[in-house]
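Please examine the sequence and the model shown below before reading on. The paragraphs that follow lead from one helix to its surroundings and then to the chain as a whole.

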Amino acid sequence: MNTKRTFSATKRRHLMACILALITAIVMIPGMTTYLPFAMEEKILIPIMLFPLIWAGLFIYAYMAERAWHPFVVMLVILFSHAGLSYMALSGAQA
């Protein structure tokens, strides 16, 4: 029996699209405020306004990537880098 699938690792892709993409997008919001070159009001407003686009892009990328591990690695790198930026901003460390 020959069943053709659209993509592999469906459970892993569902988990990445539903949970990891949402967590990554949420962590990106405070992280983006540390490196955007705008006034404080815009540093806060722009990431909040971009949140739906960021989440949708990560959600779609989880399904569109050729290999299932690519979006996992990309989202983890984004997640940890923005978490580090947020920590540095809260602790008062200079970047």
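At which residue does α2 bend, and which proline follows within four residues? The model considered here is a predicted one. In it, α2 bends by about 45° at Phe51, and the proline that follows within four residues is Pro52. Helix α2 covers residues 40-64 and has 25 residues. At 1.5 Å a residue, α2 should span 36 Å, and the C-alpha atoms at its ends are 35 Å apart, so the two values agree.

The next matter is which parts of α2 are covered. The residues Lys43, Pro47, Ile54, Leu58, Ala62 and Tyr63 of α2 are buried. These buried residues of α2 pack against two other helices, α1 (10-32) and α3 (69-91). An α-helix has 3.6 residues a turn, so residues three or four places apart point the same way.

This spacing also appears among the aromatic residues. Trp55 and Phe59 both belong to helix α2 and stand 4 residues apart, about one turn of the helix. Phe59 and Tyr63, likewise in helix α2, are again 4 residues apart, about one turn. The count of aromatic pairs comes to 2. In one of them, Trp55 and Phe59 lie 5.2 Å apart from centre to centre, with 35° between the planes, and the pair is tilted. How exposed are these two residues? Trp55 has a relative accessible area of 29% and is therefore partly exposed. Phe59 is also partly exposed, because its relative accessible area is 25%. The ring centres of Phe59 and Tyr63 are 5.5 Å apart, and because their planes meet at 65°, this pair is edge-to-face. Ring pairs thus join Trp55, Phe59 and Tyr63 into a cluster.

From α2 the reader may turn to its two partners. Helix α1 contains Thr24. Thr24 has a relative accessible area of 0%, so it counts as buried. Which residues does Thr24 contact, leaving aside its neighbours within four places in sequence? They are Leu58, Met75, Ile78 and Leu79. Of these contacts, Leu58 is one of the buried residues of α2, while Met75 and Leu79 are among the buried residues of α3.

Helix α3 has 23 residues, which should span 33 Å at 1.5 Å a residue; its end C-alpha atoms are 33 Å apart, so expectation and model agree. The buried residues of α3 are Pro71, Met75, Leu79, His82 and Ser86. Their cover includes α1 and α2. After α3 comes Gly92, which has a positive phi, near 85°.

The whole chain may now be considered. The protein chain has 3 helices and 0 strands, and along the sequence its pattern reads α-α-α. Its radius of gyration is 16 Å, well over the 12 Å that the globule rule gives for 95 residues, so the chain is more spread out than a compact globule. Its C-alpha atoms fill a box of roughly 60 × 25 × 15 Å along the principal axes. Of the 95 residues, 26% are buried. The protein chain exposes about 6700 Å², and carbon and sulfur atoms supply 71% of this area. Among contacts between residues at least 6 apart in sequence, 71% join residues at least 24 apart.

Methods
Residues are numbered from 1 along each chain as its sequence is written. This is a predicted model: local features need pLDDT of at least 70, side-chain atom pairs count only at pLDDT 80 or more; totals for chains, interfaces and linings use all residues. Side-chain values use heavy atoms; hydrogens and water are left out. The expected span of a helix is 1.5 Å times one less than its number of residues. The bend at a residue is the angle between axes fitted to the seven residues ending there and the seven starting there. Buried means under 20% relative accessible area, exposed over 50%, partly exposed in between (1.4 Å probe, protein chains only). Contact means heavy atoms within 4.5 Å. Rings of Phe, Tyr and Trp (its six-membered ring) pair if their centres lie within 6.5 Å; planes under 30 degrees apart count as stacked, over 60 as edge-to-face and the rest as tilted. The radius of gyration is taken over C-alpha atoms; the globule rule is 2.2 Å times the number of residues to the power 0.38. Accessible areas come from the Shrake-Rupley method with a 1.4 Å probe; for residues, only the protein chains shown count as cover.
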